[in-house]
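This briefing covers a sheet, the cores and a few single residues. Please keep the structure open while reading.

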Amino acid sequence: MATVIRPSAWLHELHPPGTVLAPRSAADRTHWLRHPPWRRDALTGLALCCVGSMPLICHEGVATPQILDFLELAGLERPRSLRRYRTESEAIAQAQACGARGSRIAYYFPPPAGADAPEMLLVPIALYGLLNNKARLGELVPGPHVPRRSFVPPAEIAGLRVRPPERPVFLKAAVDGATGGGKDLRYCATASDWENAIDWFLSERDHLAGLIVEDAIPVASTWCLSFAVLPEACVFLGAAEQIFSSIGIQSGSRIDPSNPPPEEATAICRTIADKARALGYLGICGFDVGADAEGRILVFDLNFRMNGSTPHVLMHSAAAARTGGRVSQSFASPLSGPLSETLARLRPRVEQGRAIPLRIFDGALADTPDSPSFISGLVLAEDGPRAAELEREISELLAPAST
């Protein structure tokens with residue numbers, strides 16, 4: 001068994017006592033654009049590596065004996081209080097039982113009807129919607145750090161098609177809540193890009209509160225800065241540099257001590273977290289920031305929920321200390337075939353300390369047919385290029401046979 005690696009802070013330390021994490025949402029609550037249903041259940045394993053003694057209501061497919069044994073082999077501590085479900089109704093019943101005992105529910109995306117009574121929730125859904133709506137970013141971010149942007153209501157989206165901008169822009173979905181996975185964003189550098197993006201958003205118009213048209217400002221690096229908002233203070237947890245497969249399409253994250261975010265960015269993001277705390281928000285949040293050619297700090301997105309990079313940030317220091325690698329980079333891949341076969345291929349890399357899985361989902365236990373299994377985690381290396389090389393190696397090892 002590998003040396004145990006523990007997060008820099010456990011989630012039970014970053015939430016008020018008596019909080020239960022119930023990340024399972026529902027199709028009508030997530031505002032996800034064209035995500036497959038299995039992701040709602042796979043997402044419940046995101047915090048498994050760092051939840052500590054905080055009760056976690058999670059899908060059976062992220063916490064089977066096989067999966068927990070494999071994560072332990074990688075050096076992760078077993079969660080101390082799992083409450084597993086198989087169906088949405090079971091997830092709701094688990095949340096209701098916790099609420100009946102006086103627990104407060106923390107979530108990534110709003111819980112299903114029946115598990116959303118106001119007295120049960122750590123964060124009111126109305127406040128969650130306000131803080132996460134991309135159209136309201138300027139209400140929380142100081143003016144000089146907001147990119148030039150404009151809001152277009154749903155009824156006016158069709159009219160945009162014949163009015164392409166004169167400069168590259170991003171089109172972003174505005175909803176009363178958080179989106180996920182980057183499918184709510186389109187980069188437009190040409191008239192053709194613009195027309196195709198408008199047509200795509202028109203097909204999703206019933207799900208939108210509007211569109212944001214935002215200048216595509218060149219930046220050398222962007223980071224997601226993670227904070228925990230506690231009743232008495234906001235705690236900076238760390239930052240992960242964002243990696244993109246193409247402009248605006250994030251494919252992962254990297255932590256490299258030689259490329260931290262500017263101190264000014266951390267200070268700006270702390271003021272945002274403080275504003276949210278004053279409004280009543282509690283829990284994890286992450287803010288996407290970058291710097292333009294003149295060094296001006298810009299804030300591009302606010303996520304008042306657990307972010308994909310949050311476990312990466314919390315696990316980096318211990319993982320780096322154990323392996324001797326300064327730089328960590330994320331990997332993530334859907335899988336084909338039996339999960340046991342994939343884990344057998346990955347096991348040598350795990351035993352060598354070259355890969356640390358943080359989340360595993362067994363698609364064979366999903367409610368929807370033909371759901372893939374899924375795995376995500378970290379590779380550790382002495383520098384960025386070697387970390388990227390290792391990530392490619394692991395991704396090729398995990399790639400579905402059909403590709």
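A residue counts as buried under 20% relative accessible area and as exposed over 50%, with partly exposed in between. At 15% relative accessibility, S221 is therefore buried. The model is a predicted one. Its open sheet has eight strands with antiparallel pairing, and the largest nonpolar core holds 111 residues.

**The sheet**

- The strand order is β13-β12-β9-β10-β11-β14-β16-β15.
- β13 (297-303) and β15 (355-361) are the edge strands; each has a single partner strand, so one side of each lacks a neighbour in the sheet.
- From one strand to the next, the twist averages 30°.
- Helix α6 (residues 263-279) packs on this sheet and touches β9 (222-229), β10, β12 (283-291) and β13.
- The direction of α6 makes about 40° with that of β9.

**Strand pairs within the sheet**

- Strands of a sheet pair through backbone hydrogen bonds, in a parallel or an antiparallel manner.
- Strand β10 (residues 234-246) runs antiparallel to strand β11 (residues 249-255), and five bridges join the two.
- F244 has Q250 of β11 as its bridge partner.
- On to the next pair: β11 and β14 run antiparallel and are joined by two bridges.
- One bridge links R254 to its partner Q329 in β14.
- β14 also pairs with β16, in the antiparallel sense, over nine bridges.
- S330 has L378 in β16 as its bridge partner.
- Is strand β14 (residues 327-335) largely enclosed or largely open, and why? Seven of its nine residues are buried, so β14 is largely enclosed by the rest of the structure.

**Nonpolar cores**

- Within the largest core, the residues that touch the most other members are L11, I272, Y281, F287, L302, F304 and L346.
- Not counting residues up to four places away in sequence, Y281 touches V123, L127, L131, V229, A276, F304 and R305.
- There is a second, separate core of 16 residues, which includes V152, L171, A173 and F201.

**S221, a buried loop residue**

- S221 is located in the loop between β8 (210-215) and β9.
- Two polar contacts of the S221 side chain can be listed: one with the side chain of E241 at 3.5 Å, and one with the side chain of N259 at 3.4 Å.
- Which residues does S221 contact, leaving aside neighbours within four places in sequence? They are E241, N259, V289, G290 and A291.

**Exposed loop residues**

- G308 sits in the loop between β13 and α7 (310-323).
- The relative accessible area of G308 is 58%, so G308 is exposed.
- G308 and D288 are 20 residues apart along the chain, and 12 Å separates their C-alpha atoms.
- D370 belongs to the loop between β15 and β16 (373-381).
- D370 has a relative accessible area of 79% and is therefore exposed.
- The phi angle of D370 is near 60°, which is a positive value in a residue other than glycine.

Terms used
Residues are numbered from 1 along each chain as its sequence is written. This is a predicted model: local features need pLDDT of at least 70, side-chain atom pairs count only at pLDDT 80 or more; totals for chains, interfaces and linings use all residues. Side-chain values use heavy atoms; hydrogens and water are left out. Two strands pair if DSSP finds at least two bridges between them. Helices (H or I, at least four residues) and strands (E, at least two) are DSSP runs, numbered from the N terminus. Axes are lines fitted to C-alpha atoms, for helices over the stretch in contact, and angles run from 0 to 180 degrees between N-to-C directions. Contact means heavy atoms within 4.5 Å. Buried means under 20% relative accessible area, exposed over 50%, partly exposed in between (1.4 Å probe, protein chains only). A nonpolar core is a set of buried Ala, Val, Leu, Ile, Met, Phe, Trp, Tyr and Cys residues joined through side-chain atoms within 4.5 Å. A polar contact is a pair of N or O atoms within 3.5 Å; within protein, one must be able to donate a hydrogen and the other to accept it, and residues adjacent in sequence count only if both atoms are side-chain atoms.
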